[in-house]
Amino acid sequence: MSTIVPPQGFRPQTAGPATARAYGFDAPDNPKALAAWRAKYQGYRETIPSVPCVGPSGKSALRFATYSGNWGGYVATGHSNYNEVYDDQNIPSYSASCGPNRSTLAAPWIGLGGYHQTGKLIQQGFASGSGTATQGASLWYEYLNSSHQNPPVWIGRTNKTGHVISQYMTYSRGKVGFHWYDRTAGSGWSPVNVSGLSSYYDGTTADFITERPAGYKLRKFSRQTFSAAGARYGSTFKDLFKLPTTDVRLTTSGSSSGAAMITNHRSSSSKFDQTWKRCS
C-alpha cells in the first residue's frame, strides 16, 4: 500500500494528464473527456495527506440476492470487466437515536464485486458510527475474499456534514487506486494505491450501496444522494442507470417479508436518493 502526496501547489484541474496520473488522479487523454474531468476539479485547492489506519475486524457481508439484511442501493451488472466505479455523495447528518456509536453504523460505499457468488469484493466509502462521531464521516477502504475477511482501513476524517464527496476507485492488473475529494471544500485526500489485489477482484458488478454491517443497527441518517454515479467496463464509461441494474433492498429480515430499512428512489440516469426508514 502506498499514498501519493502531490507537491505543494499541485492542481489537478491544470496539470497535464500524465502528470495528474503520476499523482494518483485518473485523468483521461481524450480532450472532451479531459475537459469534463477538469471541470469536476475546478475548485480543487489543497491535498490532505491520507493516514491509513487498520480498523477492527471486518464485518462486511457479501450479498447474493435482491433482498438483503446488510445492503441497500443499486448494483450494475451485465459485464464481466468493470474496472472503475465513481460517484458524488453528500455527507448526511446522523442521529444517535438507534443506539450508541459502538452499536450503530451507516456506511455508504462504492465497489466492485460482492454480489455474485465469487466471494470477492473491493470497496471504498465513508461511515458514521461504531466509535466515530455522530456528525461528519470517516473515510475507509476494504478488500475481501472467501479466504481473507480483511478489516477496513481508515484514511482520514471530516466533520463537514452536508459537503459533497467525489470518489472513484480503479482496478488494473491487481492494483487498485482509491480516491476521495471534497468538492464543496476543494480539498482532496492524497490517493491511496494498493497492489496485489487480483485475488479480491470481481468485475461482474459495480456497486452503489449503503450498508448496515452484521452485528450493528442501521444508524439514522438524513436524505443521502448518490449522484454522477457510473462505472467503466473496459474503456467504456456509462451512467449507472444506462447499465443493467438490480435494486438491492435492505430489509429487517434480509427477505421480501421483512420491513424496509432504506428507501431507494431513482431521479436521473446517474442519480438516486436514499431515505432512512428504521433502525433494525
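Reader: What makes S13 and strand S15 (residues 192-194) a pair?

Author: Two strands count as paired if DSSP finds at least two bridges between them, and S13 and S15 are joined in the antiparallel sense over three bridges, so the definition is met. In S15, Val194 is the bridge partner of Val176. The term strand itself stands for a DSSP run of E with at least two residues, numbered from the N terminus. This is a predicted model, in which local features need pLDDT of at least 70, side-chain atom pairs count only at pLDDT 80 or more, and totals for chains, interfaces and linings use all residues. Residues are numbered from 1 along each chain as its sequence is written, and side-chain values use heavy atoms, with hydrogens and water left out.

Reader: How do you know that S13 and strand S14 (residues 187-189) pair?

Author: S13 and S14 share two bridges in the antiparallel sense, and at least two bridges are what the definition asks for. Asp182 stands opposite Ser187 in S14. In the hairpin of S13 and S14, with four residues between the strands, Gly186 takes a positive phi near 75°.

Reader: Which strand is joined to S13 by eight bridges?

Author: That is strand S12 (residues 164-172), which runs antiparallel to S13, and Ile165 stands opposite Asp182 in S13. The hairpin of S12 and S13 has two residues between the strands, and Arg173 takes a positive phi near 50° there.

Reader: Why is strand S13 (residues 175-182) called largely enclosed by the rest of the structure?

Author: Buried means under 20% relative accessible area, exposed means over 50%, and partly exposed lies in between, with a 1.4 Å probe and protein chains only. Seven of the eight residues of S13 are buried, so the strand is largely enclosed by the rest of the structure.

Reader: Why is Pro244 called partly exposed?

Author: Pro244 has a relative accessible area of 41%, and because partly exposed covers what lies between buried and exposed, Pro244 is given that name. Pro244 lies in the loop between strand S20 (236-239) and strand S21 (245-250). Pro244 touches Val75, Ala76, Thr77 and Gly78, not counting residues up to four places away in sequence, where contact means heavy atoms within 4.5 Å.

Reader: What makes strand S22 (residues 262-268) and strand S23 (residues 271-276) a pair?

Author: S22 and S23 pair in the antiparallel sense over six bridges, which satisfies the requirement of at least two. Arg266 stands opposite Phe272 in S23, and a hairpin joins S22 to S23 through two residues.
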